[in-house]
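Hi,

Here is the structure I promised to send over. Have a look at it first, and then read on for what turned up when I went through it.

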Amino acid sequence: MSQNEGTAVESLWPAPAARLPGATGPMLRQERAERTRGQILHCAARIFAERGYQQTSIKDVADEVAMTKGAVYFHFPNKQALAIAVVDELYSRWPVTLEAVRGKGLSPLDTAIEMFNAASVAFLDDPIMQAGTRLQNERGAVDVELPLPYVDWTNLIATLMHEARDQGQLAPHMDPDVAARVAVAAFFGAQHISHNLHGRADFTERWREVRDTLFPALRARP
Ligand code: LUB
């Protein structure tokens with residue numbers, strides 16, 4: 001059986017903040033504003049993912065979220081701000097996901113696998129992930145500086161690889177930083193190829209192949 005087959009990763013993805021019961025007036029107003037901002041962001045992500053940065057306008061986003069352009073501008077001054085917010089939103093989720101995965105008490109290497117599993121699900125069903133990926137792929141054509149791609153992920157996986165080495169879980173000849181770079185490159189490369197060839201329809205299978213080829217080579221023999 002392959003590693004971590006059938007574990008539920010969807011539930012590890014952070015849900016939008018739950019509405020606080022018994023909140024007072026001003027709190028409700030702020031919550032409402034945050035919810036509206038989130039709706040705009042979500043709809044913008046869908047449009048960015050479908051059409052790309054250059055082919056997206058604030059008007060498209062307003063139409064998608066069924067609001068006026070003015071309502072969108074109230075939360076985001078321009079398209080650049082929307083693009084940055086989508087990417088920031090994506091990157092802000094990984095530490096939350098890591099905390100949830102760590103809660104399962106798995107070994108470091110299996111925690112890394114679970115992080116990639118969670119990301120693989122997000123590529124298929126999360127507009128923020130799909131849009132963030134498209135925007136970063138197009139970053140040369142985006143007229144604002146986006147946060148650097150892949151760096152947070154590589155650091156996150158490297159931390160787990162260092163833990164794996166310290167616990168004797170990593171093959172002795174393996175450099176944890178190299179292992180992290182190779183794992184992220186293989187995962188993201190498989191995603192990129194699957195996206196361009198098959199609209200990600202075969203990505204779950206391609207990721208399984210990467211996982212079951214790469215991780216046994218990283219593991220110390222028992
Ligand atoms: C992660 C994306 C999509 C990498 O870190 C990043 O920049 C990412 C967009 O560039 O997912 C997941 C290995």
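Does Tyr-150 count as buried, exposed or partly exposed? With a relative accessibility of 37%, Tyr-150 is partly exposed, because that value falls between the 20% and 50% cut-offs. Please keep in mind that this is a predicted model. Tyr-150 sits in the loop between α6 and α7, and its phi is positive, about 70°, although Tyr-150 is not a glycine.

There is another residue of that kind. Ala-66 also isn't a glycine, and its phi is positive too, near 55°. You'll find Ala-66 in the loop that runs between α2 and α3 (69–75). Ala-66 is exposed, because its relative accessible area of 69% is over the 50% cut-off.

Now the overall picture. The protein chain has 9 helices and 0 strands, so to speak a plain run of α-α-α-α-α-α-α-α-α along the sequence. Of its 222 residues, 44% are buried. If you take the contacts between residues at least 6 apart in sequence, 71% of them join residues at least 24 apart.

**The core**

The largest nonpolar core holds 60 residues, and Ile-157, Met-161 and Phe-215 have the most contacts inside it. Two or more residues each come from α1, α2 (58–65), α4 (79–102), α5 (108–125), α6 (127–137), α7 (151–166), α8 (176–198) and α9 (203–218). The biggest share is from α4, which gives 10 residues to this core.

Met-161 is a good place to zoom in. Leaving out residues up to four places away in sequence, Met-161 touches Leu-109, Leu-170, Pro-176, Ala-179, Ala-180, Ala-183, Phe-215 and Leu-218.

**α7 and α8**

Met-161 is one of the buried residues of α7, alongside Trp-153, Thr-154, Leu-156, Ile-157, Ala-158, Leu-160 and Ala-164. Together, the buried residues of α7 pack against α4, α5, α8 and α9. As for its length, α7 has 16 residues and spans 22 Å from its first C-alpha to its last, close to the expected 22 Å. After α7 comes Gly-168, with a positive phi near 75°.

α8 has 23 residues, and its end-to-end C-alpha distance is 32 Å, close to the 33 Å expected. Its buried residues are Pro-176, Ala-179, Ala-180, Ala-183, Val-184, Phe-187, Phe-188, Ala-190, Gln-191 and Ser-194. They pack against α5, α6, α7 and α9. When you look down that list, it helps to remember that an α-helix has 3.6 residues a turn, so residues three or four places apart point the same way.

**Ile-40 and its helix**

The other spot I'd click on is Ile-40, in helix α1 (residues 25–51). Ile-40 has a relative accessible area of 0%, so it counts as buried, the cut-off being under 20%. Setting aside neighbours within four places in sequence, Ile-40 is in contact with Val-61, Val-65, Met-67, Ala-71, Val-72, His-75, Phe-76 and Leu-82. One of these, Ala-71, is 31 residues away along the chain, and the two C-alpha atoms are 9.2 Å apart.

Ile-40 also shows up where α1 meets α2. There, Gln-39, Ile-40, Cys-43, Ala-44, Arg-46, Ile-47 and Arg-51 of α1 meet Asp-60, Val-61, Glu-64 and Val-65 of α2. How are these helices arranged, and at what angle do they pack? The angle is about 120°, and the axes are 9 Å apart. That makes α1 oblique to α2, because 120° is outside the 65 to 115 range that counts as roughly perpendicular and is not over 145. Their crossing is right-handed.

Against α4, the α1 side is made up of Arg-37, Ile-40, Leu-41, Ala-44, Ala-45 and Phe-48, which meet Lys-79, Leu-82, Ala-83, Ala-85, Val-86 and Glu-89. The axes of α1 and α4 come within 10 Å and cross at roughly 95°. α1 and α4 are therefore roughly perpendicular to each other, as 95° lies between 65 and 115 degrees.

Cheers

Conventions
Residues are numbered from 1 along each chain as its sequence is written. This is a predicted model: local features need pLDDT of at least 70, side-chain atom pairs count only at pLDDT 80 or more; totals for chains, interfaces and linings use all residues. Side-chain values use heavy atoms; hydrogens and water are left out. Helices (H or I, at least four residues) and strands (E, at least two) are DSSP runs, numbered from the N terminus. Buried means under 20% relative accessible area, exposed over 50%, partly exposed in between (1.4 Å probe, protein chains only). Contact means heavy atoms within 4.5 Å. A nonpolar core is a set of buried Ala, Val, Leu, Ile, Met, Phe, Trp, Tyr and Cys residues joined through side-chain atoms within 4.5 Å. The expected span of a helix is 1.5 Å times one less than its number of residues. Axes are lines fitted to C-alpha atoms, for helices over the stretch in contact, and angles run from 0 to 180 degrees between N-to-C directions. Angles under 35 degrees count as roughly parallel, over 145 as roughly antiparallel, 65 to 115 as roughly perpendicular and the rest as oblique. A crossing is left-handed if the near helix is turned anticlockwise from the far one by less than a right angle, and right-handed if clockwise.
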